[in-house]
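Visitor: I'd like to learn how to read a protein structure. Could you walk me through this one?

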Amino acid sequence: MAQYLMSVLHDATDLATDGEMAAIDAFNERLRADGHWLFAGGLASPGTATVVDSRDGEAVFTDGPYLESKEHIAGLWIIEAPDLDVALRLAGQASKHCNRRIELRPFR
């Protein structure tokens with residue numbers, strides 16, 4: 001089975017509501033039961049990010065996100081699916097359950 005990253009896109013800093021969290025938990029349980037679950041997690045706000053760059057030898061640390069953007073990745077799922085059609089169906093369900101847009105990308 002192929003592995004896919006489902007990134008949760010959000011344009012605000014508010015957290016998921018209690019109702020959204022309940023729906024996400026139910027979706028996660030279904031992913032586990034159906035054998036698609038590998039990993040999932042929510043991310044802290046972009047302002048907590050640190051960019052690390054060691055390309056020139058010594059590590060340089062920069063506070064804040066890599067890009068200033070209206071949208072950011074608020075969380076993610078890593079799933080397994082037999083094909084793209086199944087992964088797209090799961091991404092659609094993820095979007096509905098978390099009430100956010102989802103970017104779906106396959107791993108190489």
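Visitor: Let's jump right in: which residues does isoleucine 73 touch, not counting residues up to four places away in sequence?
Guide: Keep in mind that this is a predicted model. Isoleucine 73 is in strand E5, and its relative accessible area is 41%. That value falls between the 20% and 50% cut-offs, so isoleucine 73 counts as partly exposed. Leaving out residues up to four places away in sequence, the ones it touches are Ser7, Val8, Leu9 and Leu43.

Visitor: Ser7 is on that list. Is serine 7 buried or exposed?
Guide: Serine 7 is found in strand E1. Without residues up to four places away in sequence, it touches Ile73, Gly75, Leu76, Arg101, Ile102 and Glu103. Its relative accessible area is 3%, and anything under 20% is called buried. So the word for serine 7 is buried.

Visitor: How many bridges are there between E1 and E5?
Guide: Let's start with one pair: methionine 6 has tryptophan 77 in E5 as its bridge partner. In general, strands of a sheet pair through backbone hydrogen bonds, either parallel or antiparallel. E1 and E5 go for the antiparallel sense, and their bridges number 9.

Visitor: What is the order of the strands in the open sheet?
Guide: We can put it together from the pairs. E2 and E5 pair over 5 bridges, with alanine 40 opposite tryptophan 77 in E5. E1 pairs with E5, and also with E6 over 6 bridges. The pairing in this sheet of 4 strands is antiparallel, and the order reads E2-E5-E1-E6.

Visitor: Which strands stand at the edges?
Guide: Look for strands with a single partner, because one side of each is then left without a neighbour in the sheet. From one strand to the next, by the way, the twist averages 20°. The edge strands are E2 (37-42) and E6 (101-106).

Visitor: Which strands does helix H2 lie across?
Guide: Let's take the two helices in turn. Helix H1 (residues 18-33) packs on the sheet, touching E1, E2 and E5, and makes about 25° with the direction of E5. Helix H2 (residues 84-98) runs at about 155° to E6, and the strands it lies across are E1, E5 and E6.

Visitor: Which element gives the most to the largest nonpolar core?
Guide: As a rule, in soluble globular proteins, nonpolar side chains tend to be buried together. Here the largest core has 16 residues, and Met6, Trp77, Ile79 and Ile102 touch the most other members. E1, H1, E5 and H2 each supply at least two of its residues. With 6 residues, the one giving the most is H2.

Visitor: What residues from H2 does methionine 6 contact?
Guide: Setting aside neighbours within four places in sequence, methionine 6 has contacts that include Phe27, Trp77 and Ile102. H2 covers residues 84-98, so we look for contacts numbered in that stretch. Those are Leu90, Ala91 and Ala94.

Visitor: Which element supplies the largest share of the lining of the largest pocket?
Guide: This pocket holds about 460 Å³ of space. Its lining has 25 residues, and Ala16, Gly42, Leu43, Ala74 and Gly75 lie nearest its centre. E1, H1, E2 and E5 each supply at least two lining residues. The largest share is 5 residues, and it comes from E5.

Visitor: Is threonine 13 buried or exposed?
Guide: Threonine 13 is found in the loop between E1 and H1. Its relative accessibility is 66%, and the cut-off to pass is 50%. So threonine 13 counts as exposed.

Visitor: In the hairpin of E3 and E4, which residue takes a positive phi?
Guide: Strands E3 (residues 50-53) and E4 (residues 60-63) pair in the antiparallel sense over 4 bridges. Valine 51 stands opposite threonine 62 in E4. Between the strands there are 6 residues, and the one with a positive phi, near 110°, is glycine 57.

Methods:
Residues are numbered from 1 along each chain as its sequence is written. This is a predicted model: local features need pLDDT of at least 70, side-chain atom pairs count only at pLDDT 80 or more; totals for chains, interfaces and linings use all residues. Side-chain values use heavy atoms; hydrogens and water are left out. Two strands pair if DSSP finds at least two bridges between them. Axes are lines fitted to C-alpha atoms, for helices over the stretch in contact, and angles run from 0 to 180 degrees between N-to-C directions. Contact means heavy atoms within 4.5 Å. A nonpolar core is a set of buried Ala, Val, Leu, Ile, Met, Phe, Trp, Tyr and Cys residues joined through side-chain atoms within 4.5 Å. Buried means under 20% relative accessible area, exposed over 50%, partly exposed in between (1.4 Å probe, protein chains only). On a 1 Å grid over the protein atoms alone, a cavity is a set of points where a 1.4 Å probe fits but cannot get out, and a pocket is an open set with protein on both sides within 12 Å along at least five of seven lines; lining residues have an atom within 4 Å of a point. Grid points are joined across faces, edges and corners, and a volume is the space filled by probe spheres set on the points.
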